[in-house]
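Reader: Could you take me through one part of this model slowly? I'd like to see how one helix sits among its neighbours.

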Amino acid sequence: FQYDAFFKRFLELLNETTQLKSLLKVFVNLINNTSTNSLPFLNDIMEFIKKKYSDDLAIDFLDLINAMLFTYKDAIFKHSAEITTLLITKLDAYKTTNETASYRILTGFKVLCIYAMDLNYLIIPQICDVVFCHQTFPGVIEEGLFCLNIVAHQVPLFPFLGPISRAIKRG
């Protein structure tokens with residue numbers, strides 16, 4: 001119970017602090033290193049992300065989302081629609097403006113495609129759009145192709161053959 005009290009207090013600090021950047025890095029490490037011990041706080045973490053996400057701290061928040069995805073795996077399913085919506089919206093904005101954030105989002109998609117297969121109809125075309133868009137950073141295009149390659153080994157992509165073939169032709 002001490003861990004639960006500690007984690008709850010840490011979430012309160014995150015919601016109240018003006019030093020969010022430095023505490024977010026610690027929070028990401030906490031989630032990465034405590035396995036599923038923080039899983040009971042998933043709803044609170046999602047509320048925190050929705051309330052505090054900002055483009056200025058995009059990398060830190062995307063690291064937090066990825067830590068959740070890699071740590072909680074299929075337990076994240078309840079929130080997968082919210083996460084997918086956020087990541088799709090941000091990838092559309094960042095693919096031409098923030099290369100590092102785009103990499104983080106594509107990393108998240110590699111996990112979401114496996115544990116939230118019902119949302120692949122949104123995710124796969126978005127990855128293809130990243131590859132197909134002429135203004136996308138070249139490194140992000142490569143990462144998009146790599147992401148499709150990883151996902152192709154995990155989930156059936158036949159329903160997405162059209163967008164994938166157009167993306168590969170462009171990429």
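Author: Let's start with the crossing of H6 and H7, which is left-handed. Keep in mind as we go that this is a predicted model. The two helices pack at an angle of about 145°, and their axes are 10 Å apart. So who touches whom? On the H6 side you'll find Leu106, Phe109, Leu112 and Cys113, and they meet Asn120, Ile123, Ile124, Gln126 and Ile127 of H7. Sort the residues of this contact by class and you get 7 nonpolar, 2 polar and no charged ones.

Now look at H7 by itself. It's made of 13 residues, and from its first C-alpha to its last it reaches 18 Å, close to the 18 Å expected at 1.5 Å a residue. Its buried residues are Asn120, Ile123, Ile124, Gln126, Ile127, Cys128, Val130 and Val131. Several of those names should ring a bell: Asn120, Ile123, Ile124, Gln126 and Ile127 are the ones that meet H6. Here's a handy bit of background for reading such a list: an α-helix has 3.6 residues a turn, so residues three or four places apart point the same way.

H7 has another partner, H5. Helix H5 covers residues 80-94 and H7 covers residues 120-132; their axes come within 11 Å and cross at roughly 15°. Angles under 35 degrees count as roughly parallel, and therefore H5 and H7 are roughly parallel to each other. This crossing is left-handed. From H5, the contact uses Thr84, Ile88, Leu91 and Asp92, while H7 brings Leu122, Ile123, Gln126, Asp129 and Val130. Here the class count is 5 nonpolar, 2 polar and 2 charged residues. Spot Ile123 and Gln126 in there: H7 uses them in its contact with H5, and they also meet H6.

One more residue is worth a stop on the way: Lys95, in the loop between H5 and helix H6 (99-115). Is Lys95 buried or exposed? Buried means under 20% relative accessible area, and Lys95 has 5%, so it is buried. What does Lys95 touch, once its neighbours within four places in sequence are left aside? The list is Ser102, Asp129, Val130, Cys133, Gln135, Thr136 and Phe137. Asp129 and Val130 should look familiar, as both belong to the H7 side of the contact with H5. Val130 also appears among the buried residues of H7.

Technical notes: Residues numbered from 1 in each chain as written. Predicted model: local features only at pLDDT ≥ 70, side-chain atom pairs only at ≥ 80, totals over all residues. Heavy atoms only, no water. Axes fitted to C-alpha atoms, helices over the stretch in contact; angles between N-to-C directions. Helix = DSSP H or I, 4+ residues; strand = E, 2+ residues; numbered from the N terminus. Parallel < 35°, antiparallel > 145°, perpendicular 65-115°, else oblique. Left-handed = near helix turned anticlockwise from the far one by under 90°. Contact = heavy atoms within 4.5 Å. Nonpolar A, V, L, I, M, F, W, Y, C, P; charged D, E, K, R; others polar. Expected span 1.5 Å × (residues − 1). Buried < 20%, exposed > 50% of the residue type's maximum accessible area, 1.4 Å probe, protein only.
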